[in-house]
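This report describes selected features of the structure shown below, beginning with its metal sites and ending with its strand pairing.

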Amino acid sequence: MEVKVIGFWGAYPEKNEATSCYLLKRGDYQLVIDLGSGALSRLQNYINLKDLDAVVLSHFHNDHIADVGSLQYACLVEEQLKQRSNKLPIYSHQKDPQAFQQLTHQATVGRAYQANGSQTIGPFNFTFLATKHPKHCYAMRIELDGLTVVYTADTSYFEELDTFSKGADLLIAETSFYKGMNGKSAGHMTSEEVGRLATKAGVKELWLTHLPHFGDHQQLLSEAAEHFTGKIELAHEGLTWARKD
Ligand SMILES: [Zn+2]
Ligand SMILES: [Zn+2]
């Protein structure tokens, strides 16, 4: 099981980079979680698009879905070139019906995931949890072979995240704000809240992601480390977590 950061910015991508996107692999099976602005281009540094097996979306904010339309065109071209035989499944919740409908296109098919439930996607077992965010959004707990990765998606801190993230081998946590700022009103977390969450959940490793376009990101790291003594990384393209299947 392998997780790789493709895009890590909140809001918009900085030069030559991307907003939210994470590549999840096991053997030949590979999917991406979220597909933000710039992600489709950066993703091709690591895989051929024709080998992508699925997309799983947390919510319909542009910094998580901006490149979905372009991916649909890519799949259509692959289909016409006979490089893709199946329609690419794009999973999301169905709470925004209009947005959900658009996931089905000529060479892609929208699939609803079980909000607040579990389901298998490829070899992975996904569990979803509704977060606290201005748009309907779902955190994901991904389990395989006794390993657990949790992605908070976009959210302000709320207590259920502690149990949802319990014992994760890797916690990928949105860290949109610095210590002392008010994340709650915007539906985001601070470095301090993320550090506390990692400790309460007893996770092994913590990645800070969905990073802000201001301040010094190293400060996010040291603020989170005041509350979590395990390994912490700032997300950047290519950052990889891998464990044996
Ligand atoms: Zn976002
Ligand atoms: Zn959002």
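In this predicted model, D154 bridges the zinc ion (ligand 2) and the zinc ion (ligand 1), which lie 3.4 Å apart. Donors here are N, O and S atoms within 2.8 Å of the metal (3.2 Å for Na, K and Ca), and water is not among the atoms, so sites may look incomplete. The model is predicted: local features need pLDDT of at least 70, side-chain atom pairs count only at pLDDT 80 or more, and totals for chains, interfaces and linings use all residues. Residues are numbered from 1 along each chain as its sequence is written, chains are lettered from A and ligands numbered from 1 in the order in which they are written, and side-chain values use heavy atoms, with hydrogens and water left out.

The two sites are set out below.

| Site | Donors | Distances | Angles | Spacing |
|---|---|---|---|---|
| zinc ion (ligand 2) | H59 (NE2), H61 (ND1), H133 (NE2), D154 (OD) | 2.1 to 2.4 Å | 90 to 167° | H-x1-H-x71-H-x20-D |
| zinc ion (ligand 1) | D63 (OD), H64 (NE2), D154 (OD), H210 (NE2) | 2.1 to 2.2 Å | 89 to 161° | D-H-x89-D-x55-H |

The arrangement around the zinc ion (ligand 2) is irregular because its four donor atoms subtend angles of 90 to 167°. The site of the zinc ion (ligand 1) is irregular as well. Four donors count as tetrahedral if all angles lie between 85 and 135 degrees; four count as square planar and six as octahedral if opposite donors are over 155 degrees apart and all others between 65 and 115; anything else is irregular.

Solvent accessibility can be stated for several of the donor residues. H61 is partly exposed, at a relative accessible area of 22%, whereas H133 is buried at 14%. D63 and H64 are both buried. Buried means under 20% relative accessible area, exposed over 50% and partly exposed in between (1.4 Å probe, protein chains only).

Strand β5 (residues 88–92) is largely enclosed by the rest of the structure, because five of its five residues are buried. L88, I90 and S92 point one way from β5, while P89 and Y91 point the other way. Strands (E, at least two residues) and helices (H or I, at least four) are DSSP runs, numbered from the N terminus.

β5 runs parallel to β4, to which two bridges join it; V55 stands opposite I90 in β5. Five bridges join β5 to strand β6 (residues 108–112), also in parallel, and T108 in β6 is the bridge partner of L88. Two strands pair if DSSP finds at least two bridges between them.
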